[in-house]
Amino acid sequence: MRRIKRFIVSVLLPLAIAAAFALLFRAVYTSPEGINYLLMWICIGIPFGIHRMCVWLVPTKFDLAGTIGIVAVNIILGGIIGGFALIYQVLKGTVKTIAGT
């Protein structure tokens with residue numbers, strides 16, 4: 001029972017969140033020419049990496065344009081880092097589920 005709970009929490013739940021964001025942002029990363037995979041990676045990785053970026057780049061003592069720029073950089077880099085964090089979290093959850101630790 002413990003393995004099933006660990007598998008659901010550490011593997012299925014992140015994959016379900018990623019699938020929900022993929023469906024939510026489908027109109028953003030698709031175009032008539034095809035799928036923009038970098039934009040798809042960023043959109044899916046946002047919930048897994050944005051909290052990491054808001055600690056590094058905090059927009060203080062900027063004017064409005066500088067603050068908006070820093071927030072945009074936070075979102076873009078947070079999405080890219082979040083994609084890698086999602087893969088790491090799913091692999092780590094799978095290994096821990098199989099190993100039973």
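At which residue does helix 1 bend, and by about how many degrees? Helix 1 bends at Ile8, by about 35°, where the bend is the angle between axes fitted to the seven residues ending at a position and the seven starting there.

The structure is a predicted model, in which local features need pLDDT of at least 70, side-chain atom pairs count only at pLDDT 80 or more, and totals for chains, interfaces and linings use all residues. Residues are numbered from 1 along each chain as its sequence is written, and side-chain values use heavy atoms, with hydrogens and water left out. The predictor's confidence in each residue, pLDDT, runs from 0 to 100; its mean over the protein is 89, and 97% of the residues reach 70 or more. Among the elements, the lowest mean pLDDT (85) belongs to helix 3 (residues 37-56) and the highest (95) to strand 2 (residues 34-35).

The protein has four helices and two strands, these being DSSP runs numbered from the N terminus (helices H or I, at least four residues; strands E, at least two). From the N terminus on, their order is α-α-β-β-α-α. The protein is more spread out than a compact globule, because its radius of gyration of 16 Å is well over the 13 Å that the globule rule gives for 101 residues. That radius is taken over C-alpha atoms, and the rule is 2.2 Å times the number of residues to the power 0.38. Along the principal axes, the C-alpha atoms fill a box of roughly 55 × 40 × 15 Å.

Helix 1 (residues 2-24) reaches 32 Å from its first C-alpha to its last, close to the expected 33 Å, which is 1.5 Å times one less than its number of residues. Its buried residues are Ser10, Val11, Pro14, Ala18 and Ala22; buried means under 20% relative accessible area, with a 1.4 Å probe and protein chains only.

Val11, Ala18 and Ala22 also belong to the largest nonpolar core, alongside Tyr29, Ile44, Phe48, Ala85, Leu86 and Val90. Such a core is a set of buried Ala, Val, Leu, Ile, Met, Phe, Trp, Tyr and Cys residues joined through side-chain atoms within 4.5 Å. Helix 1, helix 3 and helix 4 each give two or more residues to this core.

Gly83 lies in helix 4 (residues 64-99) and counts as buried because its relative accessibility is 6%. Not counting residues up to four places away in sequence, Gly83 touches Trp41 and Gly45, contact meaning heavy atoms within 4.5 Å. Gly83 and Ile44 are 39 residues apart in sequence, yet their C-alpha atoms are 6.7 Å apart.

Technical notes:
Buried < 20%, exposed > 50% of the residue type's maximum accessible area, 1.4 Å probe, protein only.
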